[in-house]
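Biologist: Hi! Could you pull up the model so we can walk through it together?
Modeller: Sure, here it comes.

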Amino acid sequence: VFTLHRGGERSRALFGDGVLDLREVPEFSAFSDRQRIQLAAIRSGEPFVDVPRLRRFLENIRYPLSFLDFETYSVAVPPYEGLRPWQHIPFQYSLHLKMDAGSLAAHFGFIEAKGSDGRRPLLESLLERIFPAGSVIVLGNNFERTMLSFLAEVCPDQRDAVDAVTARIVDLSVPFQSFWFYHPEQHGRLSLKAILPALTGSGYEDLHFSDGLQASIAYYLGSHGETADARGAPAETALRDQLSEYCALDTRGLVDVLTALERAAAT
């Protein structure tokens with residue numbers, strides 16, 4: 001019952017009444033519209049799809065597609081002038097590019113060099129790789145926009161190019177946040193970590209990092225000093241491989257989630 005979307009007091013009340021499984025909820029009238037969608041999906045075992053709204057959302061996506069994700073770190077003592085304590089600083093991006101619906105997605109990535117200010121090289125690499133037209137797909141509207149704006153402040157000569165990218169952003173979380181699509185295996189959660197395995201059966205369990213915080217801490221610690229991994233290779237080399245694998249799955253996941261939504265909307 002504690003997987004009920006925004007359950008709060010209602011989840012606690014159900015638990016107090018001896019209801020331990022959402023499939024045991026006797027009736028739905030007291031729940032919100034989104035909670036009722038979740039409960040109905042759990043009871044049926046099938047995804048809920050609002051086909052008309054989902055189709056209208058997908059009609060706004062224009063090929064070629066650029067799937068974008070940043071990784072950042074934040075520290076109490078900023079490493080560069082003009083930054084606030086704990087401000088997010090991008091050190092890595094992952095980009096999957098898909099020319100049309102029938103093509104395979106190509107992957108490109110960037111991780112800043114150890115001990116350097118990689119903000120400008122990161123932005124220049126991104127602007128060189130990203131498609132100059134078509135939608136830029138992200139999950140969650142604010143984070144990538146904020147990071148792009150931050151990079152444009154660091155590189156004001158690139159402001160127009162950054163604004164052109166930002167204007168093309170499409171937030172793939174909208175159908176999930178709006179419950180135009182809900183899969184019972186999401187268990188009330190709306191993050192990529194919940195959506196991806198629910199829709200595709202694959203997830204992050206086999207990776208060295210399972211979330212962005214782990215990756216952020218490992219990157220920052222790994223950028224100071226030299227150690228070796230168990231195979232005797234420099235830890236920096238292993239770390240960069242692990243970071244690349246993790247971030248690449250974030251954008252590969254966006255490709256797969258969009259494909260699943262397109263398939264659901266076509267039914």
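Biologist: Where does Leu 20 lie?
Modeller: This is a predicted model, and in it Leu 20 lies in the loop that runs between helix H1 (8–16) and helix H2 (33–44).

Biologist: Is Leu 20 buried or exposed?
Modeller: Leu 20 counts as exposed because its relative accessible area is 58%, and the cut-off for exposed is over 50%.

Biologist: Which residues form a nonpolar patch with it on the surface?
Modeller: Phe 2 and Phe 15 join Leu 20 there, and the accessible area of the three together is about 350 Å².

Biologist: New topic, pockets. How much space lies in the largest pocket?
Modeller: The largest pocket holds about 550 Å³. It is lined by 25 residues, and those closest to its centre are Asp 69, Phe 70, Glu 71, Phe 143 and Gly 212.

Biologist: Nice. Which elements give two or more residues to that lining?
Modeller: Those are strand E2 (65–73) plus the helices H5 (141–154), H8 (192–200), H9 (212–222) and H10 (235–265). H9 gives the largest share, with 6 residues.

Biologist: And how do the lining residues divide into nonpolar, polar and charged?
Modeller: There are 12 nonpolar, 8 polar and 5 charged residues in the lining of the largest pocket.

Biologist: One more, Leu 249. Where is it found, and is it buried or exposed?
Modeller: Leu 249 sits in helix H10. Its relative accessibility is 18%, so it counts as buried, the cut-off being under 20%.

Biologist: What separates the C-alpha atoms of Leu 249 and Leu 207?
Modeller: Those atoms are 9.4 Å apart, while the two residues are 42 residues apart along the chain.

Methods: Residues numbered from 1 in each chain as written. Predicted model: local features only at pLDDT ≥ 70, side-chain atom pairs only at ≥ 80, totals over all residues. Heavy atoms only, no water. Patch = residues over 30% accessible without salt bridge, like charges linked within 9 Å, V, L, I, M, F, W, Y side chains within 5 Å. Areas by Shrake-Rupley, 256 points an atom, 1.4 Å probe, with all protein chains shown as cover. Salt bridge = Lys/Arg side-chain N within 4 Å of Asp/Glu carboxyl O. Helix = DSSP H or I, 4+ residues; strand = E, 2+ residues; numbered from the N terminus. Buried < 20%, exposed > 50% of the residue type's maximum accessible area, 1.4 Å probe, protein only. 1 Å grid on protein atoms, 1.4 Å probe; cavity = no way out; pocket = protein on both sides within 12 Å on 5 of 7 lines; lining within 4 Å. Points joined across faces, edges and corners; volume = space filled by probe spheres on them. Nonpolar A, V, L, I, M, F, W, Y, C, P; charged D, E, K, R; others polar.
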